[in-house]
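Subject: A structure for you to look at

Hello,

I am passing a structure on to you, and I thought a short tour might help. Please open it first, and then read on below.

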Amino acid sequence: MANRIIIPTGYMGSGSSAVTDLISEIDGFRENLGAYEYVLLHGPDGLFDLEDKLLIGNTGMRSDEAIHRFLWFMRKLHKPGYWFSGYREKLSPDFLDWCRAFIDDLGVTRCDDTYWYFQEDIETIPMRLRCYGRYAVSFLHGGRHPDGMPVRPLDYKGLTMAYPTPEEFYAAARRFLEKLFRAMGREEHHLVLDQLLLPHNLFRLDRYFDDDVLVFVVDRDPRDVFLLNKYYWAKDGGIIPFPFDAEAFCRVYAGLRRCEAPSDDRRILRLHFEDLVYRYDETLERIYPFLGVSPAQHTHRKTIFVPERSVNNTQLFRRKPEFAEEAAVIAARLPEYLYDFPSDSAAWRETEVF
């Protein structure tokens with residue numbers, strides 16, 4: 001069997017990076033970029049958006065928009081500057097060429113002498129000035145600009161269309177992804193790719209992967225998720241995807257979890273972040289057979305993920321009295337997601353959250 005793709009994932013702050021750290025302690029598994037999150041599949045205008053647009057209700061206009069938005073996002077990923085980008089250096093300088101080759105692999109038709117109305121752009125001041133100038137020139141030439149293009153300026157010229165069958169799309173996508181995985185070193189070792197999939201995308205597993213993928217879905221007590229986001233990570237400059245009001249947080253969190261399609265796929269192992277801390281050895285007994293490794297291969301045990309340190313990031317709702325009111329709201333609104341802590345150990349109370 002080829003080296004595997006290991007995907008730790010979770011619910012925006014639930015602790016998937018802890019699994020990434022733990023697995024990287026095992027011989028033969030490498031997280032090339034630590035807890036760096038790979039968003040090219042599930043990000044807005046990523047591969048999954050392209051799939052939906054080309055395979056559900058596809059039209060000429062929808063096809064053109066989907067392809068251009070996908071390539072726009074891939075160019076954004078290719079260049080450095082964002083926390084999620086820099087693929088040119090982190091993956092391969094050929095990344096953007098592979099993206100274009102993937103689009104060509106879908107059987108595109110390009111019409112350079114036409115366009116559709118969503119390509120017209122007159123929103124910005126420079127575009128409006130260009131538009132006024134082109135109107136003036138067109139007036140002198142009987143209503144058409146002499147270069148044969150429309151009076152209004154365009155975001156881009158030409159029209160691109162593709163109508164792949166599902167079989168054609170997924171075959172091309174698998175070839176595209178395999179290029180990426182080889183560039184990351186899959187032929188030499190297993191890959192650990194944090195957040196390559198989200199729990200909400202797991203219904204797509206069979207479309208893109210064979211038995212060579214394993215997914216860890218990490219859950220966490222929502223009281224700690226809320227408090228970490230609001231009182232710690234936000235103050236450190238983190239971009240927080242949740243509301244800072246406890247009632248609003250509960251509505252958003254409940255909706256987020258409802259959006260996930262249930263799956264009992266044997267390639268998915270569900271864990272609690274807290275189990276890694278409070279039931280470390282017991283949890284390892286689930287992880288080893290899932291990965292197909294022996295305890296002897298865990299040669300760097302507790303060198304990266306240290307449960308005695310990570311305990312500081314649990315039960316924050318007991319850390320300060322001012323946290324109690326918001327924690328009580330979350331406990332009342334989201335009881336099905338609370339973790340049953342084995343104790344309220346005070347060992348962490350004099351330490352810092354990290």
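What percentage of the 354 residues of the protein count as buried? The answer is 51%, where buried means under 20% relative accessible area, exposed means over 50% and partly exposed lies in between (1.4 Å probe, protein chains only).

A word on the source: this is a predicted model, in which local features need pLDDT of at least 70 and side-chain atom pairs count only at pLDDT 80 or more, while totals for chains, interfaces and linings use all residues. Residues are numbered from 1 along each chain as its sequence is written, and side-chain values use heavy atoms, leaving out hydrogens and water.

**The overall picture**

The protein has 14 helices and seven strands; these are DSSP runs, numbered from the N terminus, with helices (H or I) of at least four residues and strands (E) of at least two. Take contacts, meaning heavy atoms within 4.5 Å: among those between residues at least 6 apart in sequence, 76% join residues at least 24 apart. There are zero disulfides, a disulfide being a pair of cysteine sulfur atoms within 2.5 Å. Two cysteines you may come across are C99, buried at 0% relative accessibility, and C250, buried at 4%.

**The sheet**

Five strands make an open sheet with parallel pairing, in the order β2-β5-β1-β6-β7; two strands pair if DSSP finds at least two bridges between them. At the edges are β2 (29-30) and β7 (268-272), each of which pairs on one side only. Helix α12 (residues 280-291) packs on this sheet and touches β1, β2, β6 (213-219) and β7. The direction of α12 makes about 160° with that of β7, where axes are lines fitted to C-alpha atoms, for helices over the stretch in contact, and angles run from 0 to 180 degrees between N-to-C directions.

Strand β1 (residues 5-10) pairs with β5 (residues 190-192) over two bridges and with β6 over six. I6 has a bridge partner on each of these strands: V192 in β5 and L214 in β6. In a regular strand, side chains alternate between the two faces of the sheet. In β1, I5, I7 and T9 point one way and I6, P8 and G10 the other, and all are buried.

**Helix α2 and its salt bridges**

Helix α2 (residues 47-55) has L47, F48, L50, E51, K53 and L54 as its buried residues, and these pack against α3 (60-78), α5 (95-105), α7 (166-183) and α8 (205-208). Just after α2, G57 takes a positive phi of about 65°.

There are 24 salt bridges, each a side-chain nitrogen of Lys or Arg within 4 Å of a carboxyl oxygen of Asp or Glu. One of them joins E51 and R207 (2.5 Å, N to O). Because E51 lies in α2 and R207 in α8, this pair ties together parts that are 156 residues apart in sequence. E51 is buried at 2%, while R207 is partly exposed at 28%.

Another pairs R267 with D206, with their closest N and O atoms 2.4 Å apart. R267 sits in the loop between α10 (246-258) and β7, and D206 in helix α8, 61 residues apart. Here R267 is buried at 4% and D206 is exposed at 57%. Finally, D45, K53, E65 and R69 are joined into one network by salt bridges that share partners.

Enjoy exploring!

Best wishes
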